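Thanks for sharing this one. Below are some notes to read alongside the coordinates, set out point by point.

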Amino acid sequence: MLFFTACNDDFMQQDPIDSMADGTFFTKESDLPLYLDGLYQYYIIGHGRGETNLTDAIKTYLNLTGGGSPIIYSDIFSDNAVYAGTAPDGKLQGTYETPNEAPEYYNAPWEWKRLRKVNYFLNHYQEVATTNPDNLNKWAAEAYFFKAMDYYTKLLALGEVPWLEKELSLEDPELYSIRTPRVELVDNIMKCIDFAVEHTLDNSEPGGRINQDQALFLKAKFCLFEGTFRKYHTELNLQSTASGFLEQSAAAAKLIMDKGRYQLFKDPNVSDSYWQLFVQKDHPTKHGNKETILARVYDGATVGTATPRYWGFNNHTRYPAGAPKGALEEYLCEDGRPIYISGSPGSYELNPLFKGYDGMWEELDNRDPRLTQTICKPGEYASVFDFNAGGKYGIEEVGIIYPAITQATGGGSPTKMYNSTVTGYRFIKHWMPDYANWEDRTLGKQTAHIFRYGELLLIYAEAKAELGTITDDDLNKTVNALRERAGFDFVKYPNAKLSLSNIPADPRLDVIYAEKLDYSVSPILREIRRERRVELMMEGLRYEDLIRWKAGKLFTVQLRGMKMTPEKEALYDGRVDQVNPATGYKETAAPKYQKNINTFVDSEGFIIPWAQAPRVIDGVLPWDDRRYYFPIPLKELQLNPGLIQNPGWKDIVRSN
């Protein structure tokens, strides 16, 4: 996995600094890549390593995890997913407060161990004996890539933080550094990225050492973040500098696009290439996959991940999540128009292709093909999985399994909570129906796609749209290419192709944006934001998008699950494992719908997530602008009087 199989596994468990005497480790050039090997596990996280579970992931900030797959689980902290339990996580319901101490796990925002390892390298790599000093730059470039990633994370979560150039000891005055102003901090991050772009190798190996394409991707991604953050967070008074970052974002993305090395993954033998991409295992080249730019690849021998097993278990019986109705409503119909094409709240005109919410999941029909490759329609993908007679989780052909609807955690064979979900809409993206990989436990081989070409196309499209320079040719190379790969039929529905002269009306989304945002969104930018949400659903990027767009109030859009129609009510009557007389197929129904116990519906019959949570009123999460940043732990403020707490968060009592 990322060439780790070539290095000693025990070494990767050691601290690259503490396991050596300062100044004695770097004696020859071959020491440098060996040291860097130990850093990859901290920055190229992928689906995690070895034993992972959702409980650990729930403890995290943003997409930064001490356990579980941050790629999959991070959308639980956004409006893309609803997690099980009687109340949402404290960060969503507004009960999270300033912690006394920083979490000790790697990747927490206020965590500096990883950076200390990187700075050690950058302060000592030139000490090695070499006949070609310039050759050392390629190793330094990897370290600068990691340093940029580290500070990108800190900037996203905390805003301004101290910029550190050296590995610190207890005697160093830099321990008491103040927060570096944002402009200076970002300039330093950009210098790290540009060094990596200039000195990394120019190849297209997604699972090898950091290369130039990956550094360019990081530049495009970071510049889009900073450009949009400065544009919409007007309180910074940096709007005038936003376009420069957006231009650099588009330019970096275009450099990769023009190399012609990458393309969207599409298997001509299947109709669900989008879904297939996320269940691949082994190296991307094994599948003819030229979409993945940076991956964590697991060999299943020396290193693996339990993600296939736990994503299966957590969505199947233990910790159900579900997609909210609001996320589904952003998916277009197959003609390229939204589900509502005109009108106003309470009197929308429906797209003729949209079948509405009555009946049995017909709202998933005639839609953007990515919808049913992300949300499981009963009878597809996961339906062959069941507990066998012995109670051991296994595979049994049982026909259709309907998703259990529950807000409770737990479950398993005794309660028959098949395909459990909070909202009735069960995620299928990343679900690997591969029993062998499940039984590999911590040595699963599901590939983690960290940087992929699909996201790069959206970065380019958004940057160009923000600049006001996007063209129809740009849209064909980006949004329309993604739609074509997903399965849109442009011959049958030519208007499904997005163009500057063919931007569909979306009265529902326009009303939401007008109510929740303090700025206007152009129709083309609205469509690109839609495309980003749909294409990148359950890839851990939604929270960052809402933060950089200053769109936190979208968290307050009312959350709903599916509609409990009379047909569904009849289905959820407690039947288990019986043959449907109409079809002759065996059907496994979920437990009796616990409508009066822990799942409530509104007056129209739609499920209300977290119906018993006192801070979630009628499915509406609270929002406070302080949440655009996370707090600095109180102990850090006490140890360093020069630090200033982020606005709105609990601070220490400071003496004059």
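1. A term to settle before the strands come up: two strands count as paired if DSSP finds at least two bridges between them. Please also keep in mind that this is a predicted model.

2. With that in hand, look at strand β2 (residues 292–296) and strand β11 (residues 448–452), which run antiparallel and are joined by four bridges. For a concrete place to start, Arg296 has Ala448 of β11 as its bridge partner. Is β2 enclosed or open? Five of its five residues are buried, so β2 is largely enclosed by the rest of the structure. If you step along a strand like this, recall that side chains in a regular strand alternate between the two faces of the sheet.

3. Next, helix α15 (residues 453–467). Its 15 residues should span 21 Å at 1.5 Å a residue, and the C-alpha atoms at its ends are 21 Å apart, which agrees. Since 14 of those 15 residues are buried, α15 is largely enclosed by the rest of the structure. Just after the helix comes Gly468, with a positive phi of about 75°.

4. Helix α7 (residues 137–158) can be read in a similar way. From first C-alpha to last, its 22 residues reach 30 Å, close to the 32 Å expected at 1.5 Å a residue. Burial counts 20 of the 22 residues, so α7 too is largely enclosed by the rest of the structure. What follows α7? The next residue is Gly159, and its phi is positive, near 80°.

5. You may want to spend some time on the second largest pocket, which has a volume of about 700 Å³. Its lining comprises 24 residues, and Lys325, Glu329, Tyr340, Tyr348 and Arg508 are the closest to its centre. By class, the lining holds ten charged, nine nonpolar and five polar residues.

6. Which helix gives the most to that lining? It is α18, with five residues. Both α18 (507–516) and α13 (325–328) supply at least two residues each to the lining of this pocket.

7. Finally, some totals for the protein. The secondary structure comes to 22 helices and 15 strands. Of the 656 residues, 61% are buried, where buried means under 20% relative accessible area. Among contacts with a separation of 6 or more, 72% are between residues 24 or more positions apart.

Technical notes:
Residues are numbered from 1 along each chain as its sequence is written. This is a predicted model: local features need pLDDT of at least 70, side-chain atom pairs count only at pLDDT 80 or more; totals for chains, interfaces and linings use all residues. Side-chain values use heavy atoms; hydrogens and water are left out. The expected span of a helix is 1.5 Å times one less than its number of residues. Buried means under 20% relative accessible area, exposed over 50%, partly exposed in between (1.4 Å probe, protein chains only). On a 1 Å grid over the protein atoms alone, a cavity is a set of points where a 1.4 Å probe fits but cannot get out, and a pocket is an open set with protein on both sides within 12 Å along at least five of seven lines; lining residues have an atom within 4 Å of a point. Grid points are joined across faces, edges and corners, and a volume is the space filled by probe spheres set on the points. Ala, Val, Leu, Ile, Met, Phe, Trp, Tyr, Cys and Pro count as nonpolar, Asp, Glu, Lys and Arg as charged, and the others, Gly among them, as polar. Contact means heavy atoms within 4.5 Å.
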